[in-house]
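User: I have a chain open on my screen and would like to talk through its packing and backbone. Could you walk me through it?

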Amino acid sequence: MHHRVWLAALTLLVAMAARAPAAPMTEDVERHDKPVKEIASARIAVGTATFPLYLSADWSKPLPDIMRAVLVLHGALRNADDYFRSALEAQAAAGDAGKSTLMIAPQFLVESDVNAFKLPADTLRWSLYGWEGGDPALGPGPASSFDALDAILAKLGDRTLFPNLKQVVVFGHSGGGQVVQRYAIATKGDQPLLHEGIGVRFVVANPSSYAYFSKDRPDTAIAASCHGYNDWKFGMDERPPYLAEPTPAALEQAYVARRVIYLLGTLDTNPNHPALDKSCMAEAEGPYRYARGHAYVAVMQARDNGTPNHSEWDVPGVGHEGGKMLTSPCGLTAVFDIPGCAAAR
């Protein structure tokens, strides 16, 4: 990494730290281990297990009018119902483009959710944060959370159900943004869609952290004192079974080629946000989400593995608010290709 690039990144982090608001935002991290309020109504098979999700249309029969499918991934609260409502709002805001779109909100459950709702034994459940990085499920089998997303993509690639599908967008905010960024590195589900002429795009909005391909970090002092800072999901060491086999170089080559849009809320600058990952692994990436996103993009652009097929768009006036990120002009451009994002080029 060139000294000038790191100096520029560190200068950016220092400048952004001075702008951080003191007031905390709304999400309460203590709620993460409590059961969700609602379980998604639809199901998809992942091997012999089942995985819940919300759908804006019945996909058990052909949907010839659907030209775009959008997956909207929830954050750490696993509140897929809230994200699905935001997805439907974005669909309505998209006008004609929304009318030909299938909105999908997957739901990654944990043990407390399954127990609270007395769900069938074949329902997939993960550890509290393991689903964010593609870890194997705790039960009923070891399916990765990425296997569950692959199953959705495989369904969308069925031309008997979706004869006119042209684009699949995987959108995630906060914890969901962490999933999407890692899934964009690891996915095995995009190639069948691409072979069918279906484009695949990943939209990463305001995650707490990113997976790096080298051991360098913006804050070298924190990294130096942080054991395991380069372990997955922050780096390439100790990767879970789903992506253990490819080399880091192969994973990076695939990631650089994929279409990724980073959406960064300009007000997501609170280093004390209650839902911000404050582990030393995450802190080594920067003081808060907006800074971490800009630093990561700068690093990827400076690496020697080709020019990334990636874009970085600021979302003015929005903090850590998933619905506002999705329905913002840049959110609608990223998801529905609707003009209006001043940053889009």
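What follows is a conversation about helix packing, aromatic rings, buried residues and backbone geometry.

User: Before the details, what kind of model is this and how are residues numbered?

Analyst: This is a predicted model, in which local features need pLDDT of at least 70 and side-chain atom pairs count only at pLDDT 80 or more, while totals for chains, interfaces and linings use all residues. Residues are numbered from 1 along each chain as its sequence is written, and side-chain values use heavy atoms, with hydrogens and water left out.

User: Okay, helices. At what angle do α5 and α6 cross?

Analyst: The axes of α5 (residues 145–156) and α6 (residues 175–186) cross at roughly 75 degrees and come within 11 Å, which makes α5 roughly perpendicular to α6. Helices here are DSSP runs of H or I with at least four residues, strands are E runs of at least two, and both are numbered from the N terminus. Axes are lines fitted to C-alpha atoms, for helices over the stretch in contact, with angles from 0 to 180 degrees between N-to-C directions; under 35 degrees counts as roughly parallel, over 145 as roughly antiparallel, 65 to 115 as roughly perpendicular and the rest as oblique.

User: And which residues make that contact?

Analyst: On the α5 side they are F146, L149, D150 and L153, and on the α6 side V179, R182, Y183 and A186, where contact means heavy atoms within 4.5 Å. By class there are six nonpolar, two charged and no polar residues, with Ala, Val, Leu, Ile, Met, Phe, Trp, Tyr, Cys and Pro counted as nonpolar, Asp, Glu, Lys and Arg as charged, and the others, Gly among them, as polar.

User: Switching to rings: how many aromatic pairs are there?

Analyst: The structure holds 13 aromatic pairs, a pair being rings of Phe, Tyr or Trp (its six-membered ring) with centres within 6.5 Å, called stacked if the planes are under 30 degrees apart, edge-to-face if over 60 and tilted otherwise. One of them joins F51 and W126 edge-to-face, at 6.0 Å centre to centre and 90 degrees between the planes. F51 is in strand β2 (residues 49–55) and W126 in the loop between α4 (111–116) and α5, so this pair ties together parts 75 residues apart in sequence.

User: Are those two buried or exposed?

Analyst: Both F51 and W126 are buried, meaning under 20% relative accessible area, whereas exposed means over 50% and partly exposed lies in between (1.4 Å probe, protein chains only). Ring pairs also link F51 and W126 with F108 and W131 into a cluster.

User: What about Y212 and Y296?

Analyst: Y212 and Y296 form an edge-to-face pair as well, 5.0 Å centre to centre with 80 degrees between the planes. Y212 is in the loop between β6 (199–205) and α8 (220–224) and Y296 in helix α11, 84 residues apart, and thus the pair links distant parts of the chain. Y212 counts as buried at 1% relative accessibility, and Y296 is buried at 0%.

User: Staying in α11, what does M300 touch?

Analyst: M300 lies in α11 (residues 289–302) and, leaving aside neighbours within four places in sequence, is in contact with F213, E252, Y255, V256 and P308. With a relative accessibility of 3%, M300 counts as buried.

User: Which residues of α13 are buried?

Analyst: C330, G331, L332, T333, A334, V335 and F336 are buried. That is seven of the eight residues of α13 (residues 329–336), so the helix is largely enclosed by the rest of the structure. F336 is also among the residues touched by T101, not counting those up to four places away in sequence; T101 is in strand β4 (residues 101–106).

User: Last topic, the backbone. Where are the cis peptide bonds you would point out?

Analyst: The bond from G139 to P140 is cis, with omega near 0 degrees, and P140 lies in the loop between α4 and α5. The bond from W232 to K233 is cis too, with omega near 20 degrees, and K233 is in the loop between α8 and α9 (248–257). Most residues other than glycine have a negative phi, and most peptide bonds are trans.

User: What is the phi of R78, and is R78 buried or exposed?

Analyst: R78 has a positive phi near 60 degrees and, at 0% relative accessibility, counts as buried. E238 has a positive phi of about 55 degrees although it is not a glycine, but E238 is exposed, with a relative accessible area of 63%.
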